[in-house]
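Trainee: I'd like to go through this one with you before I head back to the bench. Let's have a look at it together.

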Amino acid sequence: MKHIRTQVGIIGAGPAGLMLAHWLKQHGIESVIIEHRSRAYVEARVRAGLLEQNTVDILKGLGLAGRLEREGHLHHGVYLSFDSERVRVPFGKLTNGRNITIYGQQEVVKDLTDAWLAGGGQLLFEAPALQIEGFDSPAPKIHFEQQGEKGVIDCDFVAACDGFHGIGRKTLPKQLYTEYSITYPFSWLGILANVAPSTDELIYTYHQRGFALHSLRSSTVSRLYIQVDNNDHIDNWSDDQIWDELSVRLGTPGWSLQTGPIFEKSITPMRSYLIDTMQAGRLFLAGDAAHIVPPTGGKGLNLAAADVKHLVDGLVDYYKNGSMRSLDRYTETALKRIWRAQDFSNFMTTLFHKQDEHGSFQYQLQRAKFRYISQSEAYATTIAENYVGLPFEAFT
Ligand code: APR
Ligand code: PHB
């Protein structure tokens, strides 16, 4: 039986768990991470890649942004399209110079994992947490196993950074929270391709055949998505069909999409989900464990980073001053940003996805919203400031 003692036991080595561990270490607080999957699996998991300035600033503050600053792409605006009309929303003027960086989430995970292990941090892979015991006592325990051997982490606090399917949320007593969710009647088919991006900034588009997004990873790798039905299957799509569909949906006069070899493709469902309690005693949930947003606003990873900030603030207060006061306000503080992001992600999703017949009342509302972006700087500002992410001070 493996026995580990630490201050904060962290379940999950996704962005939330890794950022938390690094940030606590910066404050002299010890933690150990256990991760269900293998290192190769976690590092290969392809996800979104939009980092708000807040998130980049956090990584810089932790000294973990070296590769991100070299290889990430700083964007000062975004293209929004509707029925082949395209407008650019510039961030600089509308958001006091804030911006976004495009850098794949799995690259963030690789950087954080490398740095954690290089600094002598404990991170057990292929070590699923099985049970969280005594979260309502001052001495909680995480039971886990690794290669058939049982183990236990004795800690002061448990941070469940274990994603949507983890055990953190399942452990939270049901009577403590209300669950809110929307399941959308469409999914995203996403690809990574070896081709130079056909755009310098992201393009989100409504088309009568459905939503499309052109993103990128580097000067030679593009990341693109199309809206598909929930019951669609990746085997139904040849590479040529995917490119044809992307070209039609993203097409505008005088612009065309470059195509190339696709090396990754998958379909992901879209959902909005949250619970309104992220703490029970000494158990805290952060990131996807507590909330999911549809990816249209690019908020998933950034919300995880914001949760971690609030959790670190609370834990630092506890270890410095012996007070649970800020920890007990964790849910309240985190939820303000989470609801804002839920609203914005839902807004972007409903604005750009085909939900109804082309030309329907719903469609006309979407088009009216799109037109309003060019008519009103106030409306464009609303979109820009949410897209780049509001500063932390906005929610205090
Ligand atoms: N024991 C140990 N690890 C677990 C367990 C368990 N019982 N259950 C889940 N995990 C691990 C998963 O294998 C995963 O690596 O927890 C990790 C959770 O990581 P993420 O799913 O990446 O969640 P999070 O760190 O909150 O990051 C949020 O991920 O899904 C995206 O859009 C989302 O970008 C956002 C980001
Ligand atoms: C991505 O680059 O994968 C990406 C960017 C913006 C989004 C979603 C995904 O809104």
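Trainee: How many salt bridges does a search of the whole structure find?
Mentor: Bear in mind that this is a predicted model, where local features need pLDDT of at least 70, side-chain atom pairs count only at pLDDT 80 or more, and totals for chains, interfaces and linings use all residues. Residues are numbered from 1 along each chain as its sequence is written, chains are lettered from A and ligands numbered from 1 in the order in which they are written, and side-chain values use heavy atoms, leaving out hydrogens and water. A salt bridge here is a side-chain nitrogen of Lys or Arg within 4 Å of a carboxyl oxygen of Asp or Glu. On that rule, the search of the whole structure turns up 19.

Trainee: Okay, what does Arg67 form a salt bridge with?
Mentor: Look in helix α4 (residues 66-71), where Arg67 and its partner sit four residues apart, about one turn of the helix. Helices are DSSP runs of H or I with at least four residues, strands are runs of E with at least two, and both are numbered from the N terminus. The closest N and O atoms are 3.1 Å apart, and the partner is Glu71.

Trainee: Which residues do shared salt-bridge partners join into one network with Arg67 and Glu71?
Mentor: Start from the Arg67 and Glu71 pair. Bridges that share partners then extend the network to Glu107, Lys110 and Asp111.

Trainee: How many residues apart in sequence are the parts that Glu377 and Lys93 tie together?
Mentor: Their side chains meet in a salt bridge at 3.2 Å, N to O. Glu377 belongs to helix α12, while Lys93 is in the loop between β7 and β8, so the pair links parts whose separation in sequence is 284 residues.

Trainee: Is Lys93 buried or exposed?
Mentor: The cut-offs use relative accessible area: buried is under 20%, exposed is over 50%, and partly exposed is in between (1.4 Å probe, protein chains only). Lys93 comes out at 66%, so it counts as exposed.

Trainee: Now helix α11: which of its residues are buried?
Mentor: Seen down the helix axis, they fall within an arc of 70 degrees, so they line one face; the arc is that of the directions from the axis to the C-beta atoms. The face turned away from them carries the exposed Phe361 and Gln375. The buried set is Tyr363, Gln366, Phe370 and Ile373.

Trainee: What covers the buried residues of α11?
Mentor: Count contact as heavy atoms within 4.5 Å. The cover then includes β6 (77-82), β7 (85-90), β15 (203-206), α10 (330-352) and α12 (377-388).

Trainee: In the sheet, what is the order of the three strands?
Mentor: Two strands pair if DSSP finds at least two bridges between them. Three bridges join β4 to β8 (residues 100-102), with Leu50 opposite Ile102. The edge strands, each pairing on one side only, are β4 (50-52) and β5 (73-75). The sheet is open and antiparallel, in the order β4-β8-β5.

Trainee: And in the loop between β7 and β8, what is the phi of Asn96?
Mentor: Asn96 has its place in that loop, and at 77% relative accessibility it counts as exposed. Although Asn96 is not a glycine, its phi is positive, at about 55 degrees.
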